[in-house]
Each structure stands twice: as C-alpha cells, then as structure tokens.
2 protein chains.
Amino acid sequence: MRKKLTERVTITDVAHTAGVSKTTVSRYLSGQYHILSENARNRIQEAIRELNYRPNQMARGLKQDRSYLIGMVIADITNPFSTAILRGAEDVCKQRGYSIMVCNTDNDPAKEREYIFMLQSRRIDGLLINTTGRNNQFLRQLAEEHTAIVLVDRKVPELGLDTVGVDNELSTKEAIRFMINRGYEQIAFFTEPLEGVSTRQERANAFKDILIQYGFPVADLYEADLQQAEPLLKQLERFLESSREGKRAIFAANGVILLKLIHALKHKGLRIPDDVAIAGFDEMEWTDLIGPGITTVSQPTYQIGVTAMERIFRRLEGDHSPSQNIAFAGKLIIRGSTPSVKGL
Amino acid sequence: MRKKLTERVTITDVAHTAGVSKTTVSRYLSGQYHILSENARNRIQEAIRELNYRPNQMARGLKQDRSYLIGMVIADITNPFSTAILRGAEDVCKQRGYSIMVCNTDNDPAKEREYIFMLQSRRIDGLLINTTGRNNQFLRQLAEEHTAIVLVDRKVPELGLDTVGVDNELSTKEAIRFMINRGYEQIAFFTEPLEGVSTRQERANAFKDILIQYGFPVADLYEADLQQAEPLLKQLERFLESSREGKRAIFAANGVILLKLIHALKHKGLRIPDDVAIAGFDEMEWTDLIGPGITTVSQPTYQIGVTAMERIFRRLEGDHSPSQNIAFAGKLIIRGSTPSVKGL
DNA sequence: TTGTACGCGTTATCAC
DNA sequence: GTGATAACGCGTACAA
C-alpha cells in the first residue's frame, strides 16, 4: 500500500474537531441543513475550513455506486468540430458537478474498445461517443449496466440509443441544390471511406439523390482514406481530368477533408474558384479568410454538445422514454468559393 | 442510496465462480502471475470472461489512495494550441492506464478555483495546468498533498513547480529580428493583457529588448482584451494611424490574437502584406492558406503535452529532484505575409 | 436532532 | 500458493 506521507483529512477528522459524529458531518456535506442544529452546522463549517477538508469522491462513489463521471470518446480531439462539442458538454457537466474524461480513438476500433473497458472500470455514469461503429456489443453491455449513452454525430440504429447531430440529408441537399442552381455541371463529392459511418453515408446518399433528382447523368463520388496523402491526391486528379474548369465544383463531406482538399488545390497551383469551386461541411475559424471565402455548411456544434449532455442527465434522472434522434438544422454559409458560373 | 437494478459483478463473484478466494483474484488482477498456480490463473481468467467482470476503479483507488486520474485545466479547449497539448498528454496517459479529466476555465480564476477543488476531491494523482496565476495558494496546497503538478505554457516562479513550454524570449527575438531585417520600420506588438501571464510578459519584454537593441525609438506595444471586439479594433486603428503602409508590420503574441487581427484587417479592407505585414505566434492548420501565407512561430505543442505528462509520471515515480523549467525551441516559419520591404 | 454500526469493492497483512 | 480478515472514506438504516 502506498505510503501516505501526509495523512489525509477525512470526515472523521472533521467530526472530531467539530465535536460531532461522522453522520452529522455527512449530512452537512449532502446539504441536509434542515436536519442540523445551527450550532452543529457552524462548527462543522468551521472545522472544514480549518482542516481544509475535501470529501473523497472515490469513497462517495463507491458507496453510492455513482462516479459523477462522464466519458467522452471521440475520434480526434484535435478536430475543431469535436472540441466545440466537448466545450458544450463540459459546460453542462460543470454545472452539475460532473467531470468529463476524454478519450481519443483515432477512429481505431481497438483503441475505442480499450477505452470503453477503462470507462467501464471507472463506472462512468454517462457516455458521449462518436463511435467507430465496431464495438456495438460493448456499448450494448454498457447500456445494460445503466450507463446513459448518447451517440454524437454518428448513428448506430441497431443499438437504439439517443443520438444527437445535424440533419445530414437536409443540409447536404440544400448545399448541393445551391451549387446546381449556381450553374455547376460537374459536382464531385469527396468523403472519407463510407463504410460503417452513418454520417458519411447519409451525406453521400443525399448527394446522389439530389443529383438524380436534377437529372445529372452520374454522381461523382470520391472516397479517400486520409491516413496518407496520396489517395486523396489521386482522387482529386481523377476528378480534375474528367471535368472542365469553369463549370466544376467540389463538395467536401466534412471539415477535415475540406481542409485537405484546399491544401491539395493550392499544392497543385489551382485557384479557387477560377479553376475549381469548392464548398463543404463544417464552418471553421478560417473559412471566411481563405481566398474569396469558403462556402460551408455550419453545424451548431456547441449546441450539439449541450444537448447531448442534457439528454444524458435526463436519462440519469430516470427518463425511460424511447430513444430520440435529435437532428439540428445545418446552416449554409455562402461565400466566394462558389460563385455563379460565367454565362448564367 | 441508489438502487442497483443490475447487480454489479464484483471480485467476490469472480472468486466464487473460479472457486478461489478474493485474494487470489486480486493477485491475478494486479498481474502477480508468478505467485499463482496455472490452474488458478486459468479458472480466474475464464470466470472473468464469463462474468464480464471489470474491476471497480473507485474501490481500488480508495484502497490504494491513488485515483489514476490526471486533471488538465486549460483556459480554452477550443484553442488548437491547447488541444494539441491535450493530444500529447492523452497519448502518454493512455499508455499508462491513466485518464484525463478536462476542465475549461475561460481564464476565469473563480472557475479555475472550483475546478481545483473538484479535482482535489477526486484525489487526482497529477495536474497539468495552464493557470490564471490567481490561485497559487490552492495549487501549493495540492502540491503539498503530493499531487504532481506541471505548469504548461505559463510559469509561476514562486510556486517552484515543473514547467514546460516554449522559449519565449528566443523565439520572439528571432521573429522580430527577422522582421527588422526585412526592412520594417514600424513594428507593433499585439497581445492580450499582460498582467499575471508570464508567457505574454516574456514575449513582450523580448520584443522591447530587441527593438532597443536595434535602436528603434519606441516600442509599439498594444494590449487588448479579446472578450469584446472593439478594444482590439481601437488599438489596431491607433497603430494604423500612427504608421505608414509599406514599412509597417504587426506581430501577434499568440494564435488567438493573430486570428482576430487577420479578421480585423480583412474587415477594414486592408491587404496582407501590401497594407500591413503580419506575423505571430502559433502555427495553425490554416496559416499557410491565407493570402500569401502567414509567417508564424510554430510551437511543438504535441511534444509539450507529451513532455509535461512524462514529468508528471517521473514525479509520481518518486523523483524529488529540483523543479525543472523545460523550454522548447520555437520554429519560425517564413511565408508571404512578411516580404522584404520595397526598396531594400 | 444526533450517533452507532455496517457495508460499498478492493488491496494489504499475516498466517497457513 | 493460498485464504481469512481488516482496513480505505464515506453514506445510511436504525436506534436513541
């Protein structure tokens, strides 16, 4: 056992110096002031101040079978989309005395699984997860142990869990329709691999649907793994070769790929929008500063975080209603990267 | 007391189904395989798998007086600088089975204090903090309770704690010297309020020193609170009115103010670098994409996070050597926003 | 209004 | 190699 060089102050110490019992102190700590004599209350308060006592959450948690801990499992904390959500989630947690444990998975199912286990060991009360979709059995397990789980951004219908995100179909259709109306005749949809990620699939499907609806002959859908740089470059070149400048545009399925595409275009010496028009998901702090400004679909990320966390607390408070799927409206922000095509 | 709808699986359950004692299971859990018979080991392993047992970290923590928890207190998790550090810290933690609890303070000392108390209640083993500098007494208290504390980015000399960051003096001087050599005759230094924040002070002082060294008559130092938009705009206008285009440049003390300045310049219809040259701290994902590219001082943020966390673990392992001040070299990344002045 | 006694799930001690 | 037992710090029946 670890040597305690400084003896920690416990509830017993407080009880002693206040001249009352542990029970009374415990009542004080949980705010049951009405059951306490004013005398006791004052003495306890004084003792706590004097001893600098802080209740041990591990002991409380053990006793109450509650950790007051929320796990947040995200693919990449470096992604502004994720941190904005985290920000919202954190604000709500703070207010309630909960803390958030962050876990970064890099979209790696193995890492995700390890984290789920760890969080399970810590007896988290709630979990906010942007899942790889490859650990459903463990998530189900967690849910059975009465952990309140909310899926953020990515859905897994078979799990029947609360979900919070943006309305992908509507937002994508609005954006693509806008581009069609601006006169683009070749519109490419760039996305990370679709497999298993609902968000990407919903956006890709919406893209295809709307193109069909407008009588486009083909849907140029490009999937690229972003682990390395080449796949995206290859796909981009494929598109550029098969299209004519002036009437072509790119739509990026999320902020990460949007950024990489802009980098790639710059690298190839192509101008926005003269050589290629571009737009995509995720408003970021820099999207209005690049070239003529980048047209984006903005998601209410902070609000998503707040809402997701509020659902968790609702569940923790005993709400057993059927699972909800909360989809916020995205907002199309039109900028110079998608001007009307010449001659319209 | 909370009702347990599902009985949780405990070490006792595992012991029963494996037909051994709790002690033996505990030994298994802590990896003392050499003391166990192969028979016992197999049966325990099987029982754990079958029951889906996960050891309760709260109970372990309570017993061992260790939480395996690290607190990370940052001003703004939305700032890429902070998340990159978090990323590094998280990677190191994961490897050791520790978890990180994130706390967002908005640079508000009151919030910071609340978080320190909460983390204290959770008996965190380590703390990585980007402090407001206003809660020194509580940090000292934490340190006395043998929490390993590492200050990130901002120093507080009086606390005598380990510190990890960038070499502000060197980096700033290199950047300003570079701008002087490029021919700028009026260089403004923009920063958030200096008071209490070592990083800002060190950079501001380095700026003044180098200007004096090169015989500049005055050091144009502008402080602006970024809570609202106007103060910065006012300061910017003040500089623009007192300087001539073509020979003037701005240096931003960090990434946040750099971004806001670029926004402000765009808002005022000023071109970079024609009307004003600009450079500043913090390389970000977009700095090479804006206009001719923004000259920046890049900090090894991920490495800072890794290093800070490694120091925490060093301390936890019993290293009692004097506190260190680890300063990484910044890297000047030269781009088009700071061209040579015409006529040089 | 207050206090006694027990248990939460785990590990450490000590004996076998 | 193994196991009984006492703690860790707290909350809560139950009794007073």
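Which side chain of chain B does D65(A) meet in a salt bridge? In the predicted model examined here, the partner of D65(A) is R8(B), with a separation of 2.8 Å from N to O. This pair belongs to the contact between chain A and chain B, for which a count of eight salt bridges was obtained, while the structure as a whole holds 42 salt bridges over all chains.

The side of chain A that touches chain B draws at least two residues from each of several elements of chain A, namely the helices α4 (57-64), α5 (80-96), α6 (109-121), α7 (136-144) and α11 (255-267), together with the strand β2 (99-104). By residue class, this side of chain A divides into 26 nonpolar, 18 polar and 22 charged residues. The contact takes 66 residues from chain A and 66 residues from chain B, and the area buried between the two chains comes to about 6500 Å², with carbon and sulfur atoms giving 51% of that area. Polar contacts were found across the interface in 36 residue pairs, both members of each pair being at pLDDT 80 or more.

A further salt bridge links R87(B) with D106(A), the closest N and O atoms of the pair being 2.6 Å apart. This pair crosses between chains, since R87(B) is placed in helix α5 (residues 80-96) of chain B, whereas D106(A) is placed in the loop between β2 and α6 of chain A. The strand β2(A) also takes part in backbone pairing across the two chains, as three bridges join β2(A) to strand β2 (residues 99-104) of chain B in an antiparallel arrangement. Within this pairing, I100(A) has V102(B), a residue of β2(B), as its bridge partner.

With regard to annotation, the unreviewed UniProt entry lists residues 9-64 of chain A under "domain: HTH lacI-type". Over residues 9-64, chain A is 68% helix and 0% strand in the model, and the C-alpha atoms at the two ends of this segment lie 21 Å apart.

Backbone geometry was also examined in both chains. In chain A, the peptide bond that joins I272(A) and P273(A) is cis, with omega at about 5°, and P273(A) is found in the loop between α11 and β9 (277-281) of that chain. In chain B, a cis peptide bond leads from I272(B) to P273(B), with omega near 5°, and P273(B) is located in the loop between α11 (255-267) and β9 (277-281) of chain B. A positive phi, near 55°, was computed for Y68(B), a residue other than glycine, and Y68(B) lies in the loop that runs between α4 (57-64) and β1 (69-74) of chain B.

Terms used. Residues numbered from 1 in each chain as written. Chains lettered and ligands numbered in written order. Predicted model: local features only at pLDDT ≥ 70, side-chain atom pairs only at ≥ 80, totals over all residues. Heavy atoms only, no water. UniProt positions renumbered as here; feature names shortened; annotations may be inferred. Helix = DSSP H or I, 4+ residues; strand = E, 2+ residues; numbered from the N terminus. Contact = heavy atoms within 4.5 Å. Buried area = accessible area lost by both parts, 1.4 Å probe. Salt bridge = Lys/Arg side-chain N within 4 Å of Asp/Glu carboxyl O. Polar contact = N/O pair within 3.5 Å; in protein donor to acceptor, adjacent residues only side chain to side chain. Nonpolar A, V, L, I, M, F, W, Y, C, P; charged D, E, K, R; others polar. Pairing = 2+ DSSP bridges.
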